[in-house]
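I opened a new notebook page for this model today. My plan was to start with single chains and then see how they meet.

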There are 2 protein chains.
Amino acid sequence: MGESTRAPTAAIIVIGDEVLSGKVEELNARFLVRELRKLGVAVRRVEIIPDVPEEIASCVRAASATYDLVFTAGGIGPTHDDVTIASIAAAFSVPVVRDAEVAATIRAVSGERFFERDLRMADVPAGAELVYGDGATRSRWPVVAFRNVYVLPGVPTILQRKFTMIRDRFAAPPFFSRAIYSREGEGAIAHVLDKAAADFPSVAIGSYPHVDAMDHKVLITLDGRDEAVVSRACAQVAAGLGPAVVRVE
Amino acid sequence: MGESTRAPTAAIIVIGDEVLSGKVEELNARFLVRELRKLGVAVRRVEIIPDVPEEIASCVRAASATYDLVFTAGGIGPTHDDVTIASIAAAFSVPVVRDAEVAATIRAVSGERFFERDLRMADVPAGAELVYGDGATRSRWPVVAFRNVYVLPGVPTILQRKFTMIRDRFAAPPFFSRAIYSREGEGAIAHVLDKAAADFPSVAIGSYPHVDAMDHKVLITLDGRDEAVVSRACAQVAAGLGPAVVRVE
């Protein structure tokens, strides 16, 4: 069914009491979900967890073992609530070490405004890979990667810039998507969707009631990696719905 | 330290491939985080997971055992991807049963537009509590609760209406919050925050760099249930920061 190349899977772990308390709007998972989707990576889980080292460690360890890629966002910096690096090191039972190159850069950039605590930004789990980017994305501030875990900061503009430094690593075959708008509700069309879901196991079929829409009641989505298979599934659903189809996209 | 009444804790489990694929914006966790916060409930975890029964079941079971309250959003309806009820029943090893009152309401409301599949909306885990609301919030469509798990729909406007039917159950002592804006960066102020975090264990102290702000570099937040303790912690941090304080809120 065109699924010979399995999509890489990913988990996103957002670390931050500020998101759980509703003080800041969650933008990082939203950004990563969209970017990874464009790259053909299937995000299978998003977790938003507090700044608690044990929770970060257990969450990262489980995600690293379950998914191909893990992205953490937040908890990177010199203050008491920046515990991500130490927690990831603990998750994999390695010590935290200070990277000499990053430490030298911090000293060079800080000049007279240098604070000893800023050097904590040079701490990495022992054995981490430091990704500096290439060409236009090259930066003197690396992204820290440990095994399949990429450690990103919590400030959205910085996270987005850092992601450009690593994104080329994750390119996978793209998804193909179709959409059908139905003027009948879910109860009336469920049997058509059931059959299509059974006939096309490689196509993810979603059904979303749009209670506020004027011209349709349900949006049906079809996604897969094989464009021809997605098209056949789409045609079957559209035929099954008959006059209930408002439009196909 | 005024923490004699521990805050109730909560987890939010968002069920839906459509969120993980970036097709729909996540609004339900955001809404619930804010509403629960206003009620004094501490949200300790948000998970966004796919429409996979085993994942829903294990996630709900773990959250139900760990947190005081669990809210699920999504996967309620008559179509093939609506697997939340069956998954919650599986999580607690109880069968799914059809509630006669809800089934009768579905038949009565549907009239000629009745579809057998719509009756799936009357299915509940055996032993579930059906919450119909009181007074102004009373509805003929109940919220299904099983033990400490509240089952909410994925359509944001409906979820928000349903939450009003149950919100009075969760009222707890409120949080008190203060904020300090610092013109010094995190490296310069970290020692002040470390000391306050140690001196006031009942106060959650957060530190957030605002890279795009004109008049400050870091927002420091202080939250706790005892207003006097939060004020003392705030005063200590402000004194420690001295001329770095832009303003206190």
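A note to self before I begin: I take two residues to be in contact if their C-beta atoms, placed from the backbone, lie within 7 Å. I also need the angle convention, which is that axes are lines fitted to C-alpha atoms, for helices over the stretch in contact, with angles from 0 to 180 degrees between N-to-C directions.

**Entry 1: a helix across strands.** I should keep in mind that this is a predicted model. With those terms in hand, I looked up H2(A) and found that it lies across E1, E2 and E3 of chain A. Its direction is at about 165° to E1(A). I then checked chain B, where helix H2 (residues 28–39) lies across strand E1 (9–15), E2 and strand E3 (69–73), again at about 165°, this time to E1(B).

**Entry 2: chain A as a whole.** I counted eight helices and 12 strands in chain A. The C-alpha atoms of chain A fill a box of roughly 70 × 40 × 35 Å along the principal axes. Of its 249 residues, 47% count as buried. I also looked at sequence separation: among the contacts in chain A with a separation of 6 or more, 69% are between residues 24 or more positions apart.

**Entry 3: strands under the helix.** How do strand E1 (residues 9–15) and strand E3 (residues 69–73) of chain A run, parallel or antiparallel? They are parallel, and five bridges join them. Within this pair I noted A:Ile12, which stands opposite A:Phe71 in E3(A).

**Entry 4: across to chain B.** Next I followed E2(A), which pairs with strand E2 (residues 42–49) of chain B in the antiparallel sense, over three bridges. Here A:Ile48 stands opposite B:Val46 in E2(B).

I traced the whole sheet from there. It is open, holds 12 strands with mixed pairing, and has the order E6(A)-E7(A)-E8(A)-E3(A)-E1(A)-E2(A)-E2(B)-E1(B)-E3(B)-E8(B)-E7(B)-E6(B). Its edge strands are strand E6 (129–131) of chain A and strand E6 (129–131) of chain B, each pairing on one side only. Neighbouring strands of this sheet are turned by 20° against each other on average, direction ignored.

**Entry 5: the contact between chains.** Finally I asked how many residues each chain gives to the contact. I found 46 residues from chain A and 46 residues from chain B. On the chain A side, the elements giving two or more residues include helix H2 (28–39), strand E2 (42–49), helix H6 (156–166) and helix H7 (186–199). By class, I noted 19 nonpolar, 10 polar and 17 charged residues on the side of chain A that touches chain B.

Key: Residues numbered from 1 in each chain as written. Chains lettered and ligands numbered in written order. Predicted model: local features only at pLDDT ≥ 70, side-chain atom pairs only at ≥ 80, totals over all residues. Helix = DSSP H or I, 4+ residues; strand = E, 2+ residues; numbered from the N terminus. Buried ≥ 20, exposed ≤ 12 C-beta atoms within 10 Å, placed from the backbone. Nonpolar A, V, L, I, M, F, W, Y, C, P; charged D, E, K, R; others polar. Pairing = 2+ DSSP bridges.
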